[in-house]
Amino acid sequence: MEKELTYFERIDFNEFRELKESEGFLIESISDYIKDKNLIEQIDPLNVIIDITALSGYSASMQAFSEELLIPFDDSILFIADIKHEETFNYELRYCFTKIDYWKSKKDKSDDKVENTNKSKSKHKKITDLSEDELGVFFQEFRKSLYGHEKFKDDFFDLTKTFRVFNGIREHKILSLFLLGESGVGKTEVANSIYKCLGGMKKLAKVNFGNYSSEFSLSSLIGSARGYIGSDDGEIFIRVRDTDIGVILIDEFEKSNATLFNYFLDVLESGKLVSSLAEEIDLDGFIIVFTSNISKEDFSNKISPELRSRFDYKCQFTLLYNEDKKKYVEFRVNSIVRKVNEKYKIQLEENLHERFLTQINVSDYNNMRDLNKKIKTVFVDYVTSEKLALHELEKEISE
Ligand SMILES: Nc1ncnc2c1ncn2[C@@H]1O[C@H](COP(=O)(O)OP(=O)(O)OP(=O)(O)O)[C@@H](O)[C@H]1O
Ligand SMILES: [Mg+2]
């Protein structure tokens with residue numbers, strides 16, 4: 001058989017039908033021909049397009065059934081199907097169709113012309129949307145904003161390059177990273193940095209699984225069936241809908257339970273978030289960052305091998321080197337100085353961080369939150385010793 005199958009996106013179907021009808025075609029469902037095979041002989045290939053989406057209902061016997069059914073159809077007929085079944089059809093119908101195509105709505109084509117990129121209709125900006133140049137800038141920024149973890153940064157760069165290629169040919173939907181390690185070394189910061197460096201203007205989609213340990217956790221996460229108390233949307237749907245960037249952070253992943261692990265197994269496999277009401281959010285091109293404080297050994301005990309193998313990348317974050325901690329001090333001090341300058345319109349001493357670093361022994365701190373607290377104390381001491389009464393200054397300015 002030399003037949004051709006074209007996939008369409010569900011939301012584009014009406015546009016496709018109108019276009020084809022204006023060209024004189026009639027779109028018919030394969031169901032009509034399943035009911036009455038004699039109709040096949042009467043088809044005029046120049047006027048009829050056959051939608052085979054209904055074959056998805058024959059899951060168990062699809063291959064044999066479809067091969068027998070489709071043989072008598074003329075090879076020049078155009079067959080179409082909902083892209084939702086792409087994976088199943090490409091495999092089960094591999095001997096029926098020799099050519100696969102994707103129908104693009106006019107809207108997409110004009111977007112491509114204007115922006116000359118491969119942007120999808122999704123409102124989320126994703127790493128797969130960036131041009132090569134933009135990707136270069138993204139990684140420059142990302143490397144600057146996360147201190148240390150050089151091996152991770154190199155690996156993330158390589159992973160992203162591979163992801164973009166295989167996402168483009170629809171083989172890899174979600175890039176999933178699992179980050180383990182000590183508290184306060186930048187695991188959560190990875191997701192924050194990806195969000196910022198992709199130009200996020202709203203809020204990172206973040207869900208803390210520490211809050212999801214009870215047996216009712218799945219309904220809080222993905223909503224409960226309509227008609228029950230609290231049948232509102234689940235948290236993850238709200239977070240993903242409200243964000244502008246294709247990144248999701250799942251913090252403290254190990255704290256939840258097997259039901260949620262299984263749900264995520266499906267998400268990583270299908271590339272979709274499916275709510276309890278069967279609503280879907282396509283996560284194609286998304287990055288999901290999972291973080292956890294468990295040790296490497298507990299990771300193997302707590303997380304099933306099926307799920308473990310679904311993560312594209314697992315990494316143990318080690319403690320930061322003193323040089324990286326010093327960079328963190330410099331960054332924090334400069335950011336405090338900038339804010340003080342803006343608010344109180346006073347110029348603080350230049351390179352204040354150098355003075356601070358003589359008072360803080362960074363090797364005493366492994367958690368950057370603790371180091372941050374120390375920076376604040378040293379700053380308050382500095383303000384006091386310099387007799388800078390910041391609160392009074394504020395009063396004067398506002399008067
Ligand atoms: N490597 C780093 N680069 C930049 N900032 C960092 C780094 N490590 C920690 N920080 C800063 O320290 C704070 C704590 O870091 P973060 O929340 O990423 O820790 P974590 O590894 O997720 O810890 P936990 O396991 O406790 O959640 C954040 O404000 C973050 O900005
Ligand atoms: Mg964290």
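## The β1–β4 pairing and the sheet around it

Strand β1, residues 3-8, pairs with β4 in the parallel sense, and five bridges hold the match. This comes from a predicted model, so please read every value here as computed. Within the pairing, Glu4 of β1 stands opposite Leu78 in β4. On the other flank of β4 you will find strand β3 (residues 48-51), joined to β4 (residues 78-82) by three bridges and running parallel to it. Leu78 turns up here too, since Ile49 stands opposite Leu78 in β4, while Asp51 has Ile80 of β4 as its bridge partner. To get from β3 to β4, the chain passes through helix α3 (residues 62-70), and this β-α-β crossover is right-handed.

Stepping back, the open sheet holds five strands with parallel pairing, in the order β2-β3-β4-β1-β5. Which strands stand at the edges? They are β2 (26-29) and β5 (97-102); each has a single partner strand, so one side of each is left without a neighbour in the sheet. From one strand to the next, the twist averages 30 degrees. As for β4, four of its five residues are buried, so this strand is mostly covered.

## The second open sheet

Another open sheet, also of five strands, follows the order β7-β8-β11-β6-β12, with parallel pairing. Here β7 and β12 (313-317) take the edge positions, and because each has a single partner strand, one side of each lacks a neighbour in the sheet. The average twist is 20 degrees from one strand to the next.

Inside this sheet, six bridges link β6 and β11 in the parallel sense. One example to look up on your screen is Leu177, whose bridge partner in β11 is Val289. Two helices are worth viewing against these strands. Helix α7 lies across β6, β11 and β12, running at about 165 degrees to β6. Helix α8 (residues 187-197) packs on the sheet as well, touching β6, β8, β11 and β12, and its direction makes about 160 degrees with that of β11.

## Nonpolar cores

Which members of the largest nonpolar core touch the most other members? Of its 33 residues, these are Leu221, Ile236, Ile250, Phe253, Phe264, Leu283 and Ile288. Several elements each supply at least two residues of this core: strands β6 (175-181), β7 (205-208), β8 (247-251) and β11 (287-292), together with helices α9 (217-222), α10 (235-242) and α11 (258-270). The largest share, seven residues, comes from α11.

Ile288 makes a good place to centre your view. Leaving aside residues up to four places away in sequence, Ile288 touches Ile174, Leu175, Ser176, Leu177, Ile248, Ile250, Phe264, Val267, Leu268 and Leu283. There is also a second, separate core of 29 residues, which includes Ile127, Leu175, Tyr195 and Cys315.

## Aromatic pairs

Searching the whole structure turns up 37 aromatic pairs. Take Phe138 and Phe142: are their rings stacked or edge-to-face? The ring centres are 6.1 Å apart and the planes meet at 10 degrees, so the pair is stacked. Both residues sit in helix α6 (residues 132-145), four residues apart, which is about one turn of the helix. Phe138 and Phe142 are both buried.

A pair with another geometry is formed by Phe139 and Phe157, which are edge-to-face, with 4.9 Å from centre to centre and 85 degrees between the planes. Phe139 belongs to helix α6 and Phe157 to helix α7 (residues 150-168), so the pair ties together parts that are 18 residues apart in sequence. Phe139 counts as buried because its relative accessibility is 5%, whereas Phe157 is partly exposed, with a relative accessible area of 29%.

Finally, one aromatic cluster is made up of Phe178, Phe209, Tyr212, Phe253, Phe261, Tyr263, Phe264, Phe290, Phe299 and Phe311. Two members of this cluster, Phe253 and Phe264, were also named among the residues that touch the most other members of the largest nonpolar core.

Technical notes. Residues numbered from 1 in each chain as written. Chains lettered and ligands numbered in written order. Predicted model: local features only at pLDDT ≥ 70, side-chain atom pairs only at ≥ 80, totals over all residues. Heavy atoms only, no water. Pairing = 2+ DSSP bridges. Axes fitted to C-alpha atoms, helices over the stretch in contact; angles between N-to-C directions. Buried < 20%, exposed > 50% of the residue type's maximum accessible area, 1.4 Å probe, protein only. Right-handed = clockwise from strand over helix to strand, strands pointing away. Core = buried A, V, L, I, M, F, W, Y, C linked by side-chain atoms within 4.5 Å. Contact = heavy atoms within 4.5 Å. Phe/Tyr/Trp six-rings, centres within 6.5 Å; stacked < 30°, edge-to-face > 60°.
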